[in-house]
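I opened this entry to keep track of what I looked up in the model, beginning with the ligand and then turning to one residue.

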Amino acid sequence: EAPMHPLFTREGRKDPHPIYRRLRAEEPITRIVEPYRKIPFRLLTRYADCSEMLRDPRFGKDFTKWSPEERQRLRVSDEFEALGKHMLSADPPDHTRLRSLVAKAFTPQIVEGLRGRIATIAEDLVSAALARDASGMDLVSQFSYPLPVTVIAELLGVPASDQDDFRRWTTVLFTPADTEEQLAHLRATGFAFFQYFMQLIERRRAEPQDDLVSGLVAAEEGGDRLSTQELVGMLFLLLVAGHETTVNLITNGMLALMDHPEQHERLASDPSLLESAVEEMLRYCGPVETTTYRFALEDLEFGGVTIRKNELVVASLLSADHDESRFPDPDRFDVGRKPNKHIAFGYGIHFCLGAPLARLEAAIAVETLLRRLPRMRLAIPREELEPSSMLLLLHAKKRLPIVF
Ligand code: HEM
């Protein structure tokens, strides 16, 4: 049995950059086995390879085209199969159809209309934290999490009061499950999500509202554009993608500012840098490490390597965005960096649908925190910060205790 790859060790999860640097230099396309469910895959670590693979139609995401053995190996339950029927696991033409059903709800112009509401949520969260404890807080649970989850919940039309459930369920999705007990827990979570969305759909069917869920239910009732399974998958994707990532962008970004007091100072004294600062947070500490998997639809050559049909291939966006051949001095955090063509939102047809929303939320969050808590700093030693998940998928911290 292969030893655990260093990327999966506790040290590797806390700071993967030295490992990625070596991989980019020595084995830019490497073989790794995910240690929990023993899933073998190829990991791409260079910018050029990652961006190339993400727009190469010889790699697909639709698991119904995958080999039955591979599908069986990753299978968790019927509910997860239903939840997984969404645009991020579809190839054209299904992908095009599913994405076009919601694309107009996420354009920069529409999203800009949410600015006032997002700013109010951000202000209220800081005020509530100050009222609770005027000396400090855990930034993750009291600010970074509730902000995007409230926004996406309001947009979809699901009660924000259910956010504790989402939080609990989503955490399970990013927890390694290799024992029977953990797998049972994962299945129960899939069931809870599935039931939740089915009930929500029934409620909107009976009584449509002015929200995204009602709009999608109407499309499903039309029959030809969206099946019931696809509707459930869509809600699951929007809810999970719509908050889990943004939480970690806000947290990682604020941590980067606290790690670099001169950049913190520079941004605080020049608000015109806000936009480029958010881009640099996405590049330097983007929250999506490797949720970006594809499998080969045929035997093929890629980057000088032969890849067999059905092999899994994963792009490390975090590594790509620290590629020294693409970004001068990549480990330097520079809130004014330009140009900054990072791929933290992916690339190609699956480029993040929520990017305008995520950018707006992060800009408002950072601006609000800098203004209201200008002396924010870490409340515990840097080394004590724990990664939020031992899976390679997200680059995130469990908690971020700060003092004001
Ligand atoms: C896709 C990152 C926030 C919705 C993606 C992908 C990445 C990404 C890397 C592509 C994955 C792949 O190609 O395999 C991020 C980051 C975010 C963020 C870093 C925040 C900082 C959001 C938000 C939404 C959202 C707020 C809200 C709706 C989606 C959807 C897709 C997607 C629907 C699938 C698009 C498709 O398959 O065509 N995101 N995301 N994301 N994201 Fe985001």
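The notes below cover the ligand shell and then a single helix residue.

**Basis.** I am working from a predicted model, in which local features need pLDDT of at least 70 and side-chain atom pairs count only at pLDDT 80 or more, while totals for chains, interfaces and linings use all residues. Residues are numbered from 1 along each chain as its sequence is written, and side-chain values use heavy atoms, with hydrogens and water left out.

**Ligand shell.** I looked up which residues surround the ligand (a heavy atom within 4 Å of it) and found 27, the closest being His95, Arg99, Arg294, His350 and Cys352. By class, the shell divides into 16 nonpolar residues (Ala, Val, Leu, Ile, Met, Phe, Trp, Tyr, Cys and Pro), three charged (Asp, Glu, Lys and Arg) and eight polar (the others, Gly among them). Helices here are DSSP runs of H or I with at least four residues, numbered from the N terminus; helix 6 (94-102), helix 14 (228-241) and helix 15 (244-259) each supply at least two shell residues.

**Polar contacts to the ligand.** I then checked pairs of N or O atoms within 3.5 Å. A polar side-chain atom of His95 lies 2.6 Å from a ligand oxygen, and for a polar side-chain atom of His350 the distance to a ligand oxygen is 2.6 Å.

**Asn252.** This residue is found in helix 15 and is buried (under 20% relative accessible area, 1.4 Å probe, protein chains only), at 5%. A polar atom of the Asn252 side chain lies 2.9 Å from the backbone oxygen of His395. Beyond neighbours within four places in sequence, Asn252 has contacts (heavy atoms within 4.5 Å) that include Cys285, Pro287 and His395.

Definitions and conventions. Polar contact = N/O pair within 3.5 Å; in protein donor to acceptor, adjacent residues only side chain to side chain. Buried < 20%, exposed > 50% of the residue type's maximum accessible area, 1.4 Å probe, protein only.
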